[in-house]
Amino acid sequence: MPAPSFPTYVDGYYGTPLRISRTPREYPFAHLGDLTTAIYSATYVVDQGRFTPTVRGTEDPENAGFYLIAESKPEIFQGDLATFTRTYSRIPLLQVELDSMFVTKPSLSGTFPAVIGGATVLQPDPSVAIFKFYSRKAVTSENGAPSADNPTGGTYTVTVGANTTAAIAYNASAATLAAALNGLASVSDRGSISAAGVYSASFSLKFAAYAAGSITSSLTVGAAAITVTTFNETQMLFRIIGLPEPLGAAIIGGTFTVTIFGQTTGAIAYNASFATLASAITGLSKVGATGTTVVQPGANGYTSSSILRSDAREILFLVTMTKPALSANGSSLTPGGSSVVVTPEFAVTADYTLQFTGVAAPTRIAYSAAHGITAADELLVIQGGAPVIVPAGKFSATADTITFDSTSGPVFESVGLIGFVGKLTSVYTGGTVKTRIKRITEFYLPGVSPGITTIDDVPLPPFQGDADSLLAAILAGDTSINYEVGDWDNWRDSPILSRTITTLDATKL
């Protein structure tokens, strides 16, 4: 657009505005180097009795593309003559500002398993907002559970971590199996295992939740609260809190010890590093370094190499310990060729199924046209209305069939019919993350902007900042969603309308 022209008037007469000065002024408006908008003013002389206000938004007759945004009241300067000023501006172009912010990814609500958007969704741990999505393919036929497929004699053993049970009779009860497992140091050092079921179907094995640890404190802090929370079968949260101001005092000295499974660390300084803390805890023989992590939860974005938080009033750390791995050996079962396998159950990795298989081990075949599943996928089976996870490699697949055998776990022998199958397609985790946003400001002048006669003609963008809309956008992989939509405002108190929309890329959440 050409620059505004600035003609000079030498004379005039009463009743006609006499322009006595015109001063252009450039106002930097755009963000991060975007385009600018030009604003200028012109002063006129007029017979005050003949002054007629000009409608805001009127185009400057001398400079196309510039519109009146303000007009002052006449002021007497000589006799009946008065002066007034008109201010003109272009319609600002679209403005874009980059920034970042914390956006809370919403959790899914309801009871799981659930069918959402044609997928079967599981929540492995009800206390954690992690959801697994599986394709959902109907099974139109299958040959059912095999029969007479159990060992008839012999023994088997079960290994937990580094320890193995003595020989257990093939038809031992759940109580006998539990007693053998709980006699192992790898189990008794950390808690216990319960067993339920019968050998002719399967045994369900479950680790007990870890007993909460404890802290003994000699910290220099005045009165302090100490809590230890057991979240689930694998996690303990330790917390030392000094009383808040003005009653309390910052943690400024002293030591503490941590006790887990009856073993106690040496003294740990109040401001020790996480490496020192982790070394002290994993150095306990009943805890160990394998599968154990010590971290500080990143509450409100806080992270540090020190165990002492920046406000000097809290020590917070989470100890996560992996349960010992389970396996079984059925080489002594009879008739020869019989076996026993251990597989993780659906809900949590601390639960396992012990499944026996005899020599008559036929295959179980489910038909599902064009299911799209391969043997390398994690498979979800809806059997008798309940979900069953079959790990990758524990089944075979063709274009239209899924074949299970004795290594496939309980899905092989369950009497429940297989209704649906599906592969793991994605994992969604709710919670707070930091993501890049864009703030886009748009401008309209009704009667001038193309297609905009009144404010009602301006397209209304959808608001997607509520939990349901945001979640739908995240799951759809949208690259731009309207997280916040601002209200209309009169730009610089002019008839030009402006509105700012905060957008973000859902694929970054």
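Two strands pair if DSSP finds at least two bridges between them. Keep that rule at hand for the stops below. The model on screen is predicted.

**Stop 1: an open sheet**

Select residues 141-142, strand β11. Now add strand β29, residues 364-367. The two are joined by 2 bridges and run antiparallel. Look across from E142: A366 in β29 stands opposite.

Widen the selection to the whole sheet. It is open, has 4 strands, and follows the order β11-β29-β33-β32 with antiparallel pairing. Which strands form the edges? They are β11 and β32 (396-397), each of which pairs on one side only.

**Stop 2: the whole protein**

Zoom out. The protein has 5 helices and 38 strands. Of its 509 residues, 42% are buried. Turn to contacts between residues at least 6 apart in sequence: 61% of them join residues at least 24 apart.

**Stop 3: strand β30 and its partners**

Select residues 379-383, strand β30. Colour the strand by burial: 5 of its 5 residues are buried. In a regular strand the side chains alternate between the two faces of the sheet. Check one side of β30 for L379, V381 and Q383. Then check the other for L380 and I382. Both faces are covered.

Next, add strand β31, residues 386-390. β30 and β31 pair in the antiparallel sense over 5 bridges. L379 stands opposite V390 in β31. The two strands make a hairpin with 2 residues between them. Click on G384 in the turn: its phi is positive, about 60 degrees.

Now bring in strand β34, residues 418-429. It runs antiparallel to β30, and 5 bridges join the two. Find I382, which stands opposite F420 in β34.

Stay on F420 and show R136. R136 lies over the face of F420, at 3.8 Å from the ring centre. Another arginine is worth a click: R86 lies over the face of Y44, at 4.9 Å from the ring centre.

**Stop 4: helix α1**

Select residues 174-182, helix α1. Which of its residues are buried? Show A174, L177, A178 and L181. Seen down the axis of α1, these buried residues fall within an arc of 100 degrees, so they line one face of the helix. An α-helix has 3.6 residues a turn, so residues three or four places apart point the same way. Rotate to the other side of α1, where A175 and A179 are exposed.

What do the buried residues of α1 pack against? Their neighbours are β12 (153-160), β14 (168-169), α2 (185-188), β15, β16 and β28 (351-357).

**Stop 5: the β15-β16 hairpin**

Two of those neighbours come next. Select β15, residues 193-198, and β16, residues 202-207. They run antiparallel and are joined by 6 bridges. A hairpin of 3 residues leads from β15 to β16. Look at A196: S204 in β16 stands opposite.

**Stop 6: aromatic rings**

Show the aromatic side chains. The structure holds 16 aromatic pairs. A pair of aromatic rings is described by the distance of the centres and the angle of the planes.

Start with F112 and F131. Their pair is tilted, at 5.2 Å centre to centre and 50 degrees between the planes. F112 sits in the loop between β6 (95-105) and β7 (114-116). F131 belongs to strand β9, residues 130-134. The two are 19 residues apart, and the pair links distant parts of the chain. F112 and F131 are both buried.

Move to F203 and F356. This pair is edge-to-face: 6.2 Å centre to centre, 75 degrees between the planes. F203 lies in strand β16 and F356 in strand β28, so the pair ties together parts that are 153 residues apart in sequence. Both residues are buried. Add Y156, Y170 and Y199 to the view. Ring pairs link these three with F203 and F356 into a cluster.

**Last stop: Q95**

Select Q95 in strand β6. Is Q95 buried or exposed? Buried means under 20% relative accessible area. Q95 has 2%, so it counts as buried. Where does its side chain reach? The side chain of Q95 reaches the backbone oxygen of L93, at 2.5 Å.

Conventions. Residues numbered from 1 in each chain as written. Predicted model: local features only at pLDDT ≥ 70, side-chain atom pairs only at ≥ 80, totals over all residues. Heavy atoms only, no water. Buried < 20%, exposed > 50% of the residue type's maximum accessible area, 1.4 Å probe, protein only. Arc of directions from axis to C-beta. Contact = heavy atoms within 4.5 Å. Phe/Tyr/Trp six-rings, centres within 6.5 Å; stacked < 30°, edge-to-face > 60°. Lys NZ or Arg CZ within 6 Å of the ring centre and 35° of its normal. Polar contact = N/O pair within 3.5 Å; in protein donor to acceptor, adjacent residues only side chain to side chain.
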